[in-house]
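Here are a few exercises to work through with the model open. Try each task yourself before you read its solution.

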Amino acid sequence: YLHDRSQKVGKALGATNTSQAFVLGKNRVLAYRGSWDDNVNPTRVKARYVEDAVQALLDGKAPPIAETRAKG
């Protein structure tokens, strides 16, 4: 979580919406950008993009999906 009051970091990462998730790998290279999951209704979520990206990186792999469209 980052509070980016100046918006410098968000702009550098290519932020387009609020809220938008960014997952950086061990080497601080952008590994995933986009929506947290696939549905704004928590009871209808089927894909957890951020969670999957973090787990893939922890397993030494690339995220299964590198970018999605952020809602907002």
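**Exercise 1: D37 and its surroundings**

D37 sits in the loop that runs between β2 (30-34) and α2; helices (H or I, at least four residues) and strands (E, at least two) are DSSP runs, numbered from the N terminus. A word on the ground rules: this is a predicted model, where local features need pLDDT of at least 70, side-chain atom pairs count only at pLDDT 80 or more, and totals for chains, interfaces and linings use all residues. Residues are numbered from 1 along each chain as its sequence is written, and side-chain values use heavy atoms, with hydrogens and water left out.

Task: work out which residues D37 is in contact with, leaving aside neighbours within four places in sequence.

Solution. Start with exposure: D37 counts as partly exposed because its relative accessible area is 21% (buried means under 20%, exposed over 50%, partly exposed in between; 1.4 Å probe, protein chains only). Next, list the contacts, meaning heavy atoms within 4.5 Å: V45, A47, R48, Y49 and K71. Finally, look at the side chain of D37, which reaches the backbone nitrogen of N39 at 3.2 Å.

**Exercise 2: S35**

Task: decide whether S35 is buried or exposed.

Solution. First place S35: it lies in the loop between β2 and α2. Its relative accessible area is 6%, so S35 is buried. Then check its contacts, again without neighbours within four places in sequence: Y49, V50, T68, R69, A70 and K71.

**Exercise 3: the largest nonpolar core**

Task: find which residues make up the largest nonpolar core.

Solution. Use the rule first: a nonpolar core is a set of buried Ala, Val, Leu, Ile, Met, Phe, Trp, Tyr and Cys residues joined through side-chain atoms within 4.5 Å. That gives 7 residues in all: A21, V23, Y32, A47, Y49, V50 and A53. By element, β1 (21-24) and α2 (49-58) each supply at least two of them, and α2 gives the most, with 3 residues. Now zoom in on Y32: beyond four places in sequence, Y32 touches A21, F22, V23, Y49, V50, A53, I65, A66, E67 and T68.

**Exercise 4: confidence**

Task: which element has the lowest mean pLDDT, and which the highest?

Solution. Recall that pLDDT is the predictor's confidence in each residue, from 0 to 100. The protein averages 91, and 99% of the residues score at least 70. Among the elements, helix α1 (residues 8-13) has the lowest mean, 86, and α2 the highest, 98.

Notes
Polar contact = N/O pair within 3.5 Å; in protein donor to acceptor, adjacent residues only side chain to side chain.
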